[in-house]
Amino acid sequence: MAKILKIYPQNPQENLIDEAVKVLQNGGVIIYPSDTIYTIGCDIYNHKAMERLAQIKGIKIDKQKFSIICNDLSHLSEFTKPIETATFRFLKTHLPGAFTFILEANRNLPTAYKGHKTVGIRVPDHIVPQMIVEKLGHPIVSTSIRDDDEILEYSTDPELIAEKYDKLVDLVIDSGYGDNVASTIVDLTSGEPEIIRQGKGKI
């Protein structure tokens, strides 16, 4: 059964953040808040955890398009090809924020991303995932939690999310109601921003 931690953005307790980080370090899968919707993720460097995440989503690991969650832009060079100055300035203008930016991937991505030429990068404007990544020391991966009701599309109530994923994940972080609008996906691989999906973020 998944443990539920109540960590609110107004006053996140470090000991609870540490507990979430420990779950990730032990190969766990967690549900956590962002500046958009609730998401599900794991340690980017734990292949077994990523396989489990893919299984939860009902996809094969080599078909996944999990976003990489960073707490700032310092991790970009680890996973992406060199970024032009104008593109980097554009990123700095919009991050942290409700965007997923598609960038050209380099060869340093973990094995779960083998063969991927691009990668989605997120820096959510939410203190909880930022603190988790900072304390973990490297990014986590992320994929959205979809609702069974196509009209709703995304679940917003962490208690209902915890019930649904109780036997699938190890931890659910309850930060209050989430949003029901996902991030805006922007492709930057051509050098010019191309909106792939309009979501919460506005350019």
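Trainee: About how much space lies in the largest pocket?
Mentor: Remember that this is a predicted model. Here the volume is that of the space in the largest pocket, and the value is about 640 Å³.

Trainee: Which element gives the most residues to the lining of the largest pocket?
Mentor: The lining has 28 residues, and K65, F66, S67, T100 and I185 lie nearest the centre of the pocket. Elements that give two or more residues are β5, β6, β7 and β10 (194–197). With four residues, the one that gives the most is β6.

Trainee: Let us turn to the core. Which residues touch the most other members of the largest nonpolar core?
Mentor: This core holds 39 residues. Several elements each supply at least two of them, including β3 (39–43), α4 (85–94) and α6 (158–164). The largest share, four residues, comes from α2. The residues that touch the most other members are I31, I68 and Y113.

Trainee: Which residues does I31 touch, not counting those up to four places away in sequence?
Mentor: I31 is one of the three residues that touch the most other members of the largest core. Leave out residues up to four places away in sequence, and I31 touches Y38, T39, I40, I145, I161, Y165, V169, L171, V172 and I173.

Trainee: How many residues are in the second core?
Mentor: This core is separate from the largest one. Among its members are L24, Y32, I69 and V128. Its residue count is 19.

Trainee: Why do the buried residues of α2 line one face of the helix?
Mentor: The buried residues in question are A49, M50, L53 and A54. Look down the axis of α2: they line one face because they fall within an arc of 140 degrees.

Trainee: Which exposed residues does α2 carry on the face turned away from its buried side?
Mentor: Start with the buried side, which packs against β3 and β7 (140–144). The face turned away from that side carries the exposed residues K48 and Q55.

Trainee: Which residue caps the N-terminal end of α2?
Mentor: Look for a side-chain oxygen by the backbone nitrogen of K48. The two atoms lie 3.3 Å apart. The capping residue is N46.

Trainee: What is the phi of the glycine that follows α2?
Mentor: Most residues other than glycine have a negative phi. The residue after α2 is G58, and its phi is positive, near 75 degrees.

Trainee: Which two residues does a cis peptide bond join?
Mentor: Most peptide bonds are trans. Here one bond has an omega of about 0 degrees. Its proline is found in the loop between α4 and β5. The joined residues are L95 and P96.

Trainee: Is H94 buried or exposed?
Mentor: H94 is found in helix α4. It touches F99, F101, K202 and I203, leaving aside residues up to four places away in sequence. The cut-off for buried is under 20% relative accessible area. H94 has 16% relative accessibility, so it counts as buried.

Trainee: How far apart in space are E153 and A182, C-alpha to C-alpha?
Mentor: E153 lies in the loop between β7 and α6. It is partly exposed, with a relative accessible area of 32%. In sequence, E153 and A182 are 29 residues apart. In space, C-alpha to C-alpha, the distance is 9.7 Å.

How values were computed:
Residues numbered from 1 in each chain as written. Predicted model: local features only at pLDDT ≥ 70, side-chain atom pairs only at ≥ 80, totals over all residues. Heavy atoms only, no water. Core = buried A, V, L, I, M, F, W, Y, C linked by side-chain atoms within 4.5 Å. Buried < 20%, exposed > 50% of the residue type's maximum accessible area, 1.4 Å probe, protein only. Contact = heavy atoms within 4.5 Å. Arc of directions from axis to C-beta. Polar contact = N/O pair within 3.5 Å; in protein donor to acceptor, adjacent residues only side chain to side chain. 1 Å grid on protein atoms, 1.4 Å probe; cavity = no way out; pocket = protein on both sides within 12 Å on 5 of 7 lines; lining within 4 Å. Points joined across faces, edges and corners; volume = space filled by probe spheres on them.
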